[in-house]
Amino acid sequence: MTRCLDCGSERTADQCSACGLTSAAAEVMFRRRFLKRTIFFLAGSLAFPYVSQIYAPLDLDLMLVFFGAIFFVALAIAVVLDRRARNRQDLEVLKRIYAGFIPLPWILAATLLLNGRLDSQKNLTYHPTTVDSRYNMRGVVRGTRRLFVHSWREGQKIERLAVNEDDYDRFHPGDAVVVGVEPGALGIPWYFAVYRQ
Ligand SMILES: [Zn+2]
C-alpha cells in the first residue's frame with residue numbers, strides 16, 4: 001500500500017484521489033514544507049545556544065549535551081525522510097515524529113529566556129568559593145569559556161560557570177571569589193556574575 005506524500009491518504013493510482021496531486025507533485029509539495037520546517041528547526045538551534053549565553057544556567061553543559069542529542073536525532077530523521085521521499089516510500093509516521101522535534105529548540109530557548117528575564121535581582125544570592133581551574137575552547141563564533149569553582153550545592157563538587165572573556169582572563173586557579181546566582185523564575189538556577197573576594 002502506498003500513501004500520498006503530501007496528504008497521507010491511501011493512493012491506488014498515480015493521482016491521489018483525496019488531494020488530486022500526482023506522486024511527483026506530492027513529492028514537490030512535501031519537500032517544500034519539509035524545507036520550511038527544517039529551516040525553522042535550524043533557526044531555533046541557533047537561538048538556543050545564543051540565549052543560553054545570556055542567562056547561562058548552572059547546569060548549562062548538561063543542557064547542551066541534551067540539546068546536541070535532540071539536534072542529531074532530528075538531523076538523522078531528516079536524512080531518512082529525504083531518502084524515503086526520493087523513493088516515494090511511506091512517510092506518515094516519520095513525518096509526525098519529525099514535526100514533534102521542530103519546535104523543541106525554540107521551546108528550550110524560550111524556557112531559558114523567561115527563566116532569566118522574569119527573575120528579579122532581589123533574589124540574587126552570593127556564594128563564596130575558590131577557583132579550581134579554567135577551560136577555554138576556541139569556537140567559530142564565540143567559543144566556550146568555563147571557570148571551574150568549588151561547588152556550594154550539595155552532591156556537586158564543581159560548578160562550571162559560563163563566564164565572558166573578561167572574567168575568564170581576570171581569574172586564575174586558587175583565587176577567592178564570590179559567585180552571584182539567580183534562582184530562576186522557572187526554577188532553573190543561573191549564573192549572574194563572579195566577583196573577587
Ligand atoms: Zn494526496
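The questions and answers below concern a predicted model of one chain with a zinc ion.

Q: Which protein atoms are the donors of the zinc ion, and what spacing do the donors follow along the chain?
A: The zinc ion has its protein donors 2.2 to 2.3 Å away. These are the SG atoms of C4, C7, C16 and C19. Along the chain the donors follow the spacing C-x2-C-x8-C-x2-C.

Q: What arrangement do the four donor atoms form around the zinc ion?
A: Ideal angles for four tetrahedral donors are 109.5 degrees. The angles subtended by the four donor atoms around the zinc ion are 104 to 115°. A set of four counts as tetrahedral if all angles lie between 85 and 135 degrees. The arrangement is therefore tetrahedral.

Q: Is C4 buried or exposed?
A: The cut-off for buried is under 20% relative accessible area. C4 has 2% relative accessibility, so C4 counts as buried.

Q: How does C7 count by relative accessibility?
A: Partly exposed covers the range between the buried limit of 20% and the exposed limit of 50%. C7 has a relative accessibility of 36%, so C7 counts as partly exposed.

Q: What span should the 27 residues of helix α2 have, and how far apart are its end C-alpha atoms?
A: Helix α2 covers residues 60–86. At 1.5 Å a residue the expected span is 39 Å. This agrees with the distance between the end C-alpha atoms of α2, which is 39 Å.

Q: Which elements do the buried residues of α2 pack against?
A: The buried residues of α2 include F67, I70, F71, I77 and L81. Just after the helix, R88 takes a positive phi of about 55°. The elements packed against by the buried residues of α2 are α1 (23–54), α3 (92–101), α4 (104–117), β4 and β5 (158–162).

Q: Which strands are joined to β3 by six bridges?
A: Strand β3 (residues 125–137) runs antiparallel to a strand in which V177 stands opposite T129. Strand β3 also runs antiparallel to a strand in which T144 stands opposite M137. Six bridges join β3 to β6 (residues 176–182), and six join β3 to β4 (residues 144–150).

Q: What is the radius of gyration of the chain, and why is the chain described as more spread out than a compact globule?
A: The chain has five helices and seven strands. For 197 residues the globule rule gives 16 Å, and the chain is well over this, so it is more spread out than a compact globule. Its C-alpha trace spans about 75 × 35 × 30 Å along the principal axes. The radius of gyration is 23 Å.

Technical notes:
Residues are numbered from 1 along each chain as its sequence is written. This is a predicted model: local features need pLDDT of at least 70, side-chain atom pairs count only at pLDDT 80 or more; totals for chains, interfaces and linings use all residues. Side-chain values use heavy atoms; hydrogens and water are left out. Donors are N, O and S atoms within 2.8 Å of the metal (3.2 Å for Na, K and Ca); water is not among the atoms, so sites may look incomplete. Four donors count as tetrahedral if all angles lie between 85 and 135 degrees; four count as square planar and six as octahedral if opposite donors are over 155 degrees apart and all others between 65 and 115; anything else is irregular. Buried means under 20% relative accessible area, exposed over 50%, partly exposed in between (1.4 Å probe, protein chains only). Two strands pair if DSSP finds at least two bridges between them. Helices (H or I, at least four residues) and strands (E, at least two) are DSSP runs, numbered from the N terminus. The expected span of a helix is 1.5 Å times one less than its number of residues. Contact means heavy atoms within 4.5 Å. The radius of gyration is taken over C-alpha atoms; the globule rule is 2.2 Å times the number of residues to the power 0.38.
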